[in-house]
Amino acid sequence: MSDTLRRNLALFPIGIVQKLTELTARQIRYYEQHELIQPVRTEGNQRLFAFNDVERLLEIKKLIDQGLNISGIKRILGPLEAHSDLPNKEEQEKTGEISEQELHDLLKQELLTARMNRPGVANSLIQGELSRFFH
DNA sequence: GTTCTAACA
DNA sequence: TGTTAGCA
């Protein structure tokens, strides 16, 4: 499985992203309106974020802390790469493109990476919220 | 219980 | 940005 595919897998709802990034849901939706991120939607119109989106949000947060406005952030992060029409988690599982086992391995790998780059409270949150993937 | 959109203190 | 209303 390619790295870009892994990072673009739509996995978490806004609540988890909220804890992961320590941004409010309001802010996350606001940044989406300004095309800083492009989470996919479920059939129920709920946002599903990928690791890519989370990383992007963390960069946005850093720039906000540095006093930048939306316009400034857009210039620094640049336009969003119109990432192709990657199937979402449900479709991938439905079509058998990704097995449950692969998904678990994928998430475990991502969590290990996150643990090394972002030690602290964020990790316990990540592990807690994603524990359902490790049966 | 969670998320969504819209709108206003 | 926060927060609340009214839905799905």
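Is glutamate 22 buried or exposed? Glutamate 22 is exposed, because its relative accessible area is 59%. I begin with that residue since it takes part in a salt bridge. Before going on, I should state that the model under discussion is a predicted one.

Let me turn to the salt bridges. The structure holds 3 of them. As a general remark, side chains of opposite charge can pair when their charged atoms come close.

In one of these bridges, glutamate 22 is paired with lysine 61, and the closest N and O atoms are 3.9 Å apart. The two partners come from distant parts of the chain, 39 residues apart: lysine 61 belongs to helix H4, residues 51-65, while glutamate 22 sits in the loop between helix H2, residues 14-21, and H3. Lysine 61 is classed as partly exposed because its relative accessible area is 22%, a value to be read against the limit of under 20% that defines a buried residue.

Another bridge joins the side chains of glutamate 32 and arginine 41, with an N to O distance of 3.5 Å. Glutamate 32 has a relative accessible area of 16%, so this residue counts as buried. Arginine 41, at 33%, is therefore partly exposed.

Glutamate 32 also meets arginine 47 in a salt bridge, at 2.2 Å from N to O. This pair, too, links distant parts of the chain: arginine 47 lies in strand E2, residues 47-48, and glutamate 32 lies in helix H3, with their positions 15 residues apart in the numbering. The side chains of arginine 47 and glutamate 32 are also joined by a polar contact of 2.2 Å. Why is arginine 47 described as buried? Arginine 47 has a relative accessible area of 17%, and is therefore buried. Both arginine 47 and glutamate 32 are thus buried residues. Taken with arginine 41, they form a network: Glu32, Arg41 and Arg47 are linked by salt bridges.

I now move to the DNA, beginning with strand B. Which residues surround DNA strand B? They are Pro13, Ile14, Gly15, Arg26, Arg29, Arg41, Asn45, Gln46 and Arg47. Two members of the salt-bridge network, Arg41 and Arg47, appear in that set. By class, the surface near DNA strand B has 4 charged, 3 polar and 2 nonpolar residues.

The individual contacts are as follows. Arginine 41 places a polar side-chain atom 3.0 Å from a phosphate oxygen of DNA strand B. For arginine 47, an N or O atom of the side chain is 2.3 Å from a phosphate oxygen of DNA strand B. Asparagine 45 has a side-chain N or O atom 3.4 Å from a sugar or linking oxygen of DNA strand B. The elements that contribute two or more residues to this surface are H2 and H3. Of the atoms of DNA strand B within 4 Å of the protein, 87% belong to sugar or phosphate, and the rest belong to bases.

What share of the corresponding atoms of DNA strand C belongs to sugar or phosphate? For DNA strand C, 41% of the atoms within 4 Å of the protein belong to sugar or phosphate, and the remainder to bases. The residues around DNA strand C are Thr24, Arg26, Gln27, Tyr31 and Ile64. Arg26 is listed for DNA strand B and also for DNA strand C. In terms of class, the surface near DNA strand C comprises 2 nonpolar, 2 polar and 1 charged residues. Helix H3, residues 25-33, gives the most to this surface, with 3 residues.

Again I go through the contacts. Threonine 24 has a polar side-chain atom 2.9 Å from a phosphate oxygen of DNA strand C. A side-chain N or O atom of tyrosine 31 is 3.2 Å from a phosphate oxygen of DNA strand C. Arginine 26, by contrast, has a side-chain N or O atom 3.2 Å from a base oxygen of DNA strand C.

Finally, a word on helix H4 and the annotated domain. The 15 residues of H4 should span 21 Å at 1.5 Å a residue, and because the end C-alpha atoms are 21 Å apart, expectation and model agree. The buried residues of H4 are Phe51, Asp53, Val54, Arg56, Leu57, Ile60 and Leu63. After H4 comes glycine 67, whose phi is positive, near 90°. An unreviewed UniProt entry carries the annotation "domain: HTH merR-type" for residues 11-79. Over residues 11-79, the chain is 58% helix and 6% strand, and the end C-alpha atoms lie 23 Å apart.

Technical notes
Residues numbered from 1 in each chain as written. Chains lettered and ligands numbered in written order. Predicted model: local features only at pLDDT ≥ 70, side-chain atom pairs only at ≥ 80, totals over all residues. Heavy atoms only, no water. Near = heavy atom within 4 Å. Polar contact = N/O pair within 3.5 Å; in protein donor to acceptor, adjacent residues only side chain to side chain. Helix = DSSP H or I, 4+ residues; strand = E, 2+ residues; numbered from the N terminus. Nonpolar A, V, L, I, M, F, W, Y, C, P; charged D, E, K, R; others polar. Salt bridge = Lys/Arg side-chain N within 4 Å of Asp/Glu carboxyl O. Buried < 20%, exposed > 50% of the residue type's maximum accessible area, 1.4 Å probe, protein only. UniProt positions renumbered as here; feature names shortened; annotations may be inferred. Expected span 1.5 Å × (residues − 1).
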